[in-house]
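Good morning, everyone, and thank you for making time for this. I would like to walk you slowly through one assembly and how its chains sit against one another, so please have the picture open in front of you.

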Amino acid sequence: MSYLVVIEFLAVIVSSIYGVLLAARKGMDVVGVFAVAFAVAFGGGTLRDLFLDRTPLFWIGNPHYPMITLGIAILSGLILRFVHRIKPLLLVPDALGMALFTLTGTGFAIEAGVNPFIAAVLGVITGTFGGVLGDVICNEVPTLFQPSPLNATCSFAGAWIYWGALQFEIPGGWALLAGGAVIVTLRLASVKWNWCFPGIREPSPSSKS
Amino acid sequence: MSYLVVIEFLAVIVSSIYGVLLAARKGMDVVGVFAVAFAVAFGGGTLRDLFLDRTPLFWIGNPHYPMITLGIAILSGLILRFVHRIKPLLLVPDALGMALFTLTGTGFAIEAGVNPFIAAVLGVITGTFGGVLGDVICNEVPTLFQPSPLNATCSFAGAWIYWGALQFEIPGGWALLAGGAVIVTLRLASVKWNWCFPGIREPSPSSKS
Amino acid sequence: MSYLVVIEFLAVIVSSIYGVLLAARKGMDVVGVFAVAFAVAFGGGTLRDLFLDRTPLFWIGNPHYPMITLGIAILSGLILRFVHRIKPLLLVPDALGMALFTLTGTGFAIEAGVNPFIAAVLGVITGTFGGVLGDVICNEVPTLFQPSPLNATCSFAGAWIYWGALQFEIPGGWALLAGGAVIVTLRLASVKWNWCFPGIREPSPSSKS
């Protein structure tokens with residue numbers, strides 16, 4: 001399904017930009033910036049390909065993908081020294097990258113004939129794992145596991161919208177657009193208004209209690 | 001060997017409960033609780049399946065497994081708010097989950113015709129990796145690598161007992177029971193009496209020395 | 001190509017020694033020492049085999065490799081209690097292990113018909129992932145991602161030298177020697193004279209800014 005290939009191509013570009021911004025905030029050198037961008041852009045899709053037994057891995061079969069990431073890392077070295085505050089730039093590539101990779105994870109899983117619940121879980125893993133890796137490498141507590149706006153939830157909801165749209169025989173491109181729009185909108189709204197689910201109980205008094 | 005499938009089913013249930021308790025202690029929301037439970041219940045077996053090249057992954061081929069985990073996560077949201085201290089509840093599901101997953105790792109490796117030492121190592125990886133992942137997501141130092149009761153050692157010993165029992169042509173079900181009993185007993189005893197091996201030398205004076 | 005098998009064998013021995021030293025500094029017990037040595041010696045090559053879809057994994061197909069690692073871990077328990085300072089011993093096995101595993105990653109990727117840029121990236125992943133895992137288990141900030149001497153860069157440069165030498169029809173053994181010498185020399189020199197690339201910009205004033 002050629003739409004998914006386009007989505008994946010866009011996901012790589014957007015996630016590479018997100019990874020580059022993440023690493024640049026930390027003052028990393030160009031190798032570190034490429035390493036973070038590579039992990040963010042290819043981490044989720046690599047798990048997806050390993051879990052679905054797709055060979056070759058998408059970035060081995062499409063060697064221009066990591067080269068694009070390298071190009072973005074080098075370009076950023078020229079541009080980002082003139083940018084004062086990076087944090088406000090992170091939000092949109094983060095939401096968009098998560099949306100696009102969620103769709104590729106769900107889509108390739110559906111193509112592989114997987115149960116829809118599992119396809120949605122694979123979408124969430126594909127959409128969020130790159131960001132988790134980037135946070136870990138940058139030595140941050142992964143935002144995915146912080147009491148924070150609805151990260152995995154947005155991804156999960158969009159995966160079901162996409163699957164549902166396909167059930168109603170909505171053409172693939174429109175189904176992808178619907179799922180992606182839901183993820184990006186939900187994610188941006190949850191950050192803006194700080195939507196959270198409540199904890200299922202109070203945390204224990206000490207982390208060791 | 002149908003015994004291993006039963007063991008795996010029990011391992012998923014027990015490990016899901018362990019993961020739910022781990023996340024609830026941290027005051028996570030229901031999505032976080034499901035994420036931790038999923039990682040604990042499927043992390044070790046996923047590595048096992050990838051390392052042994054078993055396809056599809058056990059939770060993709062058995063899509064009801066993650067649904068059971070989801071059900072346990074949702075149920076816990078109703079029950080655990082009335083539970084005062086969670087820590088004492090962690091011990092038994094931890095030991096039991098480790099035992100059951102160790103047996104599936106060792107058992108599937110033996111079925112795949114792997115050398116017994118490697119089968120035992122795969123058992124340890126399968127039995128302990130889920131717990132490590134859960135600790136990492138909950139931002140704890142993984143207990144596997146702390147100077148603490150004999151975690152991996154119990155798992156390793158039980159794997160050899162199971163393999164040895166099979167060599168003496170003890171039927172599969174009894175061999176599994178023997179290996180599992182050794183792991184659970186050793187683990188509970190080592191926690192109760194705080195059994196540890198000594199370090200091979202004193203740690204260096206500073207972590208940078 | 002039989003040279004690569006020899007290189008891999010040496011890489012396992014050298015990396016096992018590095019992992020044992022790393023764990024001994026932390027005062028771990030013999031099980032912890034084996035776990036760290038196993039992760040350091042087999043982490044990078046396992047990713048390489050999974051990414052290139054090579055089966056069985058090299059340490060499952062060569063079960064004597066993990067046994068050698070176990071032997072080194074046990075031996076170290078006898079020897080290292082008499083060693084006063086471990087840190088100075090870490091440098092050479094670190095550089096050598098990275099070089100040898102980089103060459104196996106690049107070499108097997110070239111054999112699999114992969115694009116040279118991707119082969120070099122796979123070399124870097126194979127060469128560095130074991131060390132990252134070891135640092136994570138020992139609860140250190142991975143040196144790969146610290147503003148520190150040129151770790152991944154040395155590995156990347158050596159992978160290209162090796163590939164370039166093969167293009168000029170230099171025999172496999174000499175090409176491996178050239179690539180390995182470049183990695184080890186660059187790495188030791190970058191540690192000695194503390195070579196670093198500059199950050200692409202100042203880090204943001206606070207890690208949250």
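**Around the axis**

Let me begin with Leu50(A), which is the residue of chain A that comes closest to the rotation axis, its C-alpha lying at 4.4 Å. I should say at once that we are looking at a predicted model.

Where does that axis come from? In general, two copies of a chain are related by a rotation about an axis and a shift along it. Here, a turn of 120° with a shift of 0.0 Å along the axis lays chain A on chain B with an RMSD of 0.0 Å, and that is the relation of a three-fold axis.

Now to the contacts, starting with chain B, where 23 residues of chain A are in contact with 26 residues of chain B. On the side of chain A that touches chain B, helix H2 (30-51), helix H6 (116-137) and helix H7 (151-167) each supply at least two residues, and H6(A) gives the most, with three. By class, this side holds 15 nonpolar, five polar and three charged residues.

Turning to chain C, we find 27 residues of chain A in contact with 23 residues of chain C. Helix H1 (2-25), H2 and helix H4 (64-79) of chain A each supply at least two residues of that side, with H2(A) giving the most, namely six residues. The classes on this side are 15 nonpolar, six polar and six charged.

Finally, only 4% of the interface residues of chain A are also interface residues in chain B, so the copies meet through different surfaces.

Notes
Residues numbered from 1 in each chain as written. Chains lettered and ligands numbered in written order. Predicted model: local features only at pLDDT ≥ 70, side-chain atom pairs only at ≥ 80, totals over all residues. Contact = placed C-beta atoms within 7 Å. Helix = DSSP H or I, 4+ residues; strand = E, 2+ residues; numbered from the N terminus. Nonpolar A, V, L, I, M, F, W, Y, C, P; charged D, E, K, R; others polar. Least-squares fit on C-alpha atoms with pLDDT ≥ 70 in both.
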